[in-house]
Amino acid sequence: MKAYKTLIFDLDDTLIDNDASISFAIMQVFKKMRLEYNDNCFLEWKKFDNAYWHAFETGKMNIPTSVKTLEEKKTFLRANRFVVFFQKLGVSYEMALFLNKFYNKMLGENIVEIENARRILKELYALHYEIIIATNGPKDVAEIKLKTLQLKELITTLICSDEVGFNKPSLEFFHFLYKRCIHLDKQKMLMTGDSLTTDILGGINFEIDTCWFNPNGLPNPYNYQPTYTISTLLELKRVLN
């Protein structure tokens, strides 16, 4: 068994219950727009949002040539979601900017921990692992989530896609992350996350070991395999020992 030194964790749906945050936030957006809201609205938004970011990650999204800087790109991508999702209502880009800012604020209002997330990080912190959070979510929201659940003091580094300019699973994201590591031995790094297409594929492409957090026992439909699979966060101790 390898003696890992650097443990990389996804944040949403690995340490944080992302659905709880998203359902609350999009409900508040609908209320702000005086639109009727039900559970189907959340499901439609989640399906749309996943497809939207997948299109970006796979290079299938057209970004206006007027968007040049990293900050402009970050702002456009997040705001444009609301233009597209509410296109039948004719939401302007200026209104979308407001909705995105409001949505991000609401994401930080309802934060729920995945079972034993703090416990496992606290134990790993005590064992002096380098603990890195790698997320495709906005940095300001990620920091609020970590602070609210008292996880911030247990991690070494936070890496967010909006500061990198690329999302997981891109190699650009992982190269950026690598430059921020204390221990620069890829053989002693482990990427843990719930997403096969971002966390696990990204780790595999970067040639580090991976651990798929699969609490619902879902089948793996892809032709690539994680190094380990766990159904609870506490099982990670078995992997490390």
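This is a working chat about a predicted model.

User: Start with helix H5. Which residues of H5 are buried?
Analyst: In H5, which covers residues 117-126, the buried residues are Ala117, Ile120, Leu121 and Leu124.

User: And where do those buried residues fall, seen down the axis of H5?
Analyst: They fall within an arc of 95° around the axis of H5, so they line one face of the helix.

User: What covers the buried residues of H5?
Analyst: The cover includes two strands, E1 (6-9) and E2 (130-135), and also helix H10 (236-240).

User: What about the backbone just after H5?
Analyst: His128 is found there, with a positive phi of about 70°.

User: What sign does phi have in most residues?
Analyst: Most residues other than glycine have a negative phi.

User: OK, then Arg34. What is its phi?
Analyst: Arg34 has a positive phi of about 60°, and Arg34 is not a glycine.

User: Where is Arg34, and is it buried or exposed?
Analyst: Arg34 is in the loop that runs between helix H1 (18-32) and helix H2 (39-57). Arg34 is exposed, with a relative accessible area of 80%.

User: Same things for Gln150: what phi, and where?
Analyst: The phi of Gln150 is positive, about 55°, although Gln150 is not a glycine. Gln150 lies in the loop between helix H6 (139-148) and strand E3 (157-160).

User: How accessible is Gln150?
Analyst: Its relative accessible area is 46%, so Gln150 counts as partly exposed.

User: Switching to peptide bonds. Which residues does the cis bond join?
Analyst: A cis peptide bond joins Lys168 and Pro169, with omega at about 15°. Most peptide bonds are trans.

User: Where does Pro169 sit?
Analyst: Pro169 is in the loop between helix H7 (161-164) and helix H8 (171-179).

User: Now the cysteines. How many disulfides?
Analyst: The count is zero. The cut-off for a disulfide is a pair of cysteine sulfur atoms within 2.5 Å.

User: Why does Cys181 have no bond?
Analyst: Because the closest cysteine sulfur, in Cys160, is 14 Å from the sulfur of Cys181, which is too far for a bond.

User: And why not Cys211?
Analyst: For Cys211 the closest cysteine sulfur is in Cys181, at 17 Å, so that pair is too far for a bond as well.

User: Are Cys181 and Cys211 buried or exposed?
Analyst: Cys181 is buried, with a relative accessible area of 9%. Cys211 is also buried, at 0% relative accessibility.

Note on methods:
Residues numbered from 1 in each chain as written. Predicted model: local features only at pLDDT ≥ 70, side-chain atom pairs only at ≥ 80, totals over all residues. Heavy atoms only, no water. Buried < 20%, exposed > 50% of the residue type's maximum accessible area, 1.4 Å probe, protein only. Helix = DSSP H or I, 4+ residues; strand = E, 2+ residues; numbered from the N terminus. Arc of directions from axis to C-beta. Contact = heavy atoms within 4.5 Å.
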